[in-house]
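Trainee: I should like a close look at a single part of this structure. Please take one helix and describe its setting in detail.

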Amino acid sequence: MIGSLNKRIQDCMAERKSRRTRLVTKDGRCNIEYGNIKYSKHFAFLADFWTTFVEIRWRFVLFFFIASFTLSWFIFGLLWYWIARSNGDLTWQSPPSDHTACVDNVVGLTTAFLYSLETQTTIGYGGRALTPLCPGAVALLIIQSLVGAIINCFMCGVILSKISLPKKRAKTITFSDMAVISPKSGSLCLSIRVANLRKTLMIGSQIYGKLLRTTNTPDGETIIMDQVNIDFTVDAGKDNLFFVCPLTLYHIIEKNSPFFEMAVDTLHKQEFELVVFLEGTAESTSSSCQVRTSFIPQEIMWGYNFLPIISRSKEGKYRVDFSNFSKVVPVATAHCAYCYHNIKGHHHHYRDGNENQGFEVIDINDPQNVTKM
């Protein structure tokens, strides 16, 4: 039992070691950090404060929302307290019985804060009210009303913009967990499945990919993030997709494809990252969004194909079975792209990558037809 546990731990460590750090995570986040930025450049974020507020995390948005209102209520409460103190309205100042206050029932700091809150939120309980005796109080009332309206508009705009960010729409577009390589229409193809979980369409959808790897140039220069274009297509083309149901994206492995030199036994030893992008416009909001995901060599299965997920019911409706969305089945596939294109009667392999020595032919005798017309 201990030996089995040690083997599992070693396999887990080897798996984690083989899976290098991604540039793009499966859910589309970019795993990158910036360093040695000059302090003067930070003022650019303050100049573009709207984008900064929209992109910060929700916890900070809620903090600024609460802090902006609470702080403004308190500051204006101090100003109302100062006006009441200047007019001799406070309790400890012992105003005479015929004294006319600037604000009725503002006799201390607490009541001044409550009047500030009621003024800015337009609650108006009726217990405290402004009198026309003090012109400064009238001016302060106008200023606080304008400041409160500005804070309301700004914070509501930030929250609405943050809720309606295009990347939120991208959460309802999902890719298959694995990519597969198998024959398709006379070509060897790398296939990925993508689905739109909402019934609203993505208008003008386009798909493309980037293969990220480290390469060495003939001049001896090492390019850490060399990008190679990967073209994807579907049965109906690659532009303006009719994205009403799950689609299977195909990349044809030809001689100019970076996957052409790979084979079933060398694929998982490669070091690259395939980043797939899907761009389109949401039909409901008319906002453009980009969905992206990535695949490392360990997430590409050679010799497999996706199970069908679209069927037609008896009522004539098209049905999508998402339980088979990422399920695959092994299919007969050449062990390398070169063999597929150049060697007639190319070899096939099992799911573990070993060559199949041949298929056993079994003769099946059909039973006699006992039904007569």
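Mentor: What follows concerns helix 4, with some remarks on its surroundings and on the rest of the chain.

The model is predicted. The secondary structure of the chain comprises 8 helices and 14 strands, and 34% of its 373 residues count as buried. Helix 4 runs over residues 58-86, 29 residues in total. At 1.5 Å a residue, a helix of this length should span 42 Å, and because the end C-alpha atoms are in fact 42 Å apart, the expected and modelled spans agree.

The helix has a set of buried positions: Val61, Phe69, Ser72, Trp73, Phe76, Gly77, Trp80, Ile83 and Ala84. An α-helix has 3.6 residues a turn, so residues three or four places apart point the same way. Among the buried residues, Phe69, Trp73, Phe76 and Trp80 carry aromatic side chains. The partners of the buried residues are helix 3 (49-55), helix 5 (109-120) and helix 6 (135-163). Beyond the end of helix 4, Gly88 adopts a positive phi of about 75°.

The record adds a further view of this region. In an unreviewed entry, UniProt annotates residues 60-83 and 137-160 as "transmembrane region". In the model, residues 60-83 are 100% helix and 0% strand, with the end C-alpha atoms 34 Å apart. The second span, residues 137-160, is likewise 100% helix and 0% strand, and its end C-alpha atoms lie 34 Å apart.

For contrast with the helical part, one may turn to strand 8. This strand, residues 273-282, has 8 of its 10 residues buried, and it is therefore largely enclosed by the rest of the structure. Strand 4 (residues 202-216) runs antiparallel to strand 8 and is joined to it by 9 bridges; Ile203 stands opposite Thr281 of strand 8. Strand 9 (residues 288-295) is also antiparallel to strand 8, with 8 bridges between them, and Phe277 has Arg292 in strand 9 as its bridge partner. In the hairpin of strands 8 and 9, 5 residues separate the strands, and Ser286 takes a positive phi near 60°.

A loop residue completes the picture. Phe325 is situated between strand 13 (318-320) and strand 14 (328-330), and it counts as buried because its relative accessibility is 7%, below the 20% cut-off. Its contacts include Phe175, Arg193, Val194, Pro246 and Phe306. Phe325 and Val194 are 131 residues apart along the chain, yet their C-alpha atoms are separated by 8.7 Å.

Definitions and conventions:
Residues numbered from 1 in each chain as written. Predicted model: local features only at pLDDT ≥ 70, side-chain atom pairs only at ≥ 80, totals over all residues. Heavy atoms only, no water. Helix = DSSP H or I, 4+ residues; strand = E, 2+ residues; numbered from the N terminus. Expected span 1.5 Å × (residues − 1). Buried < 20%, exposed > 50% of the residue type's maximum accessible area, 1.4 Å probe, protein only. Contact = heavy atoms within 4.5 Å. UniProt positions renumbered as here; feature names shortened; annotations may be inferred. Pairing = 2+ DSSP bridges.
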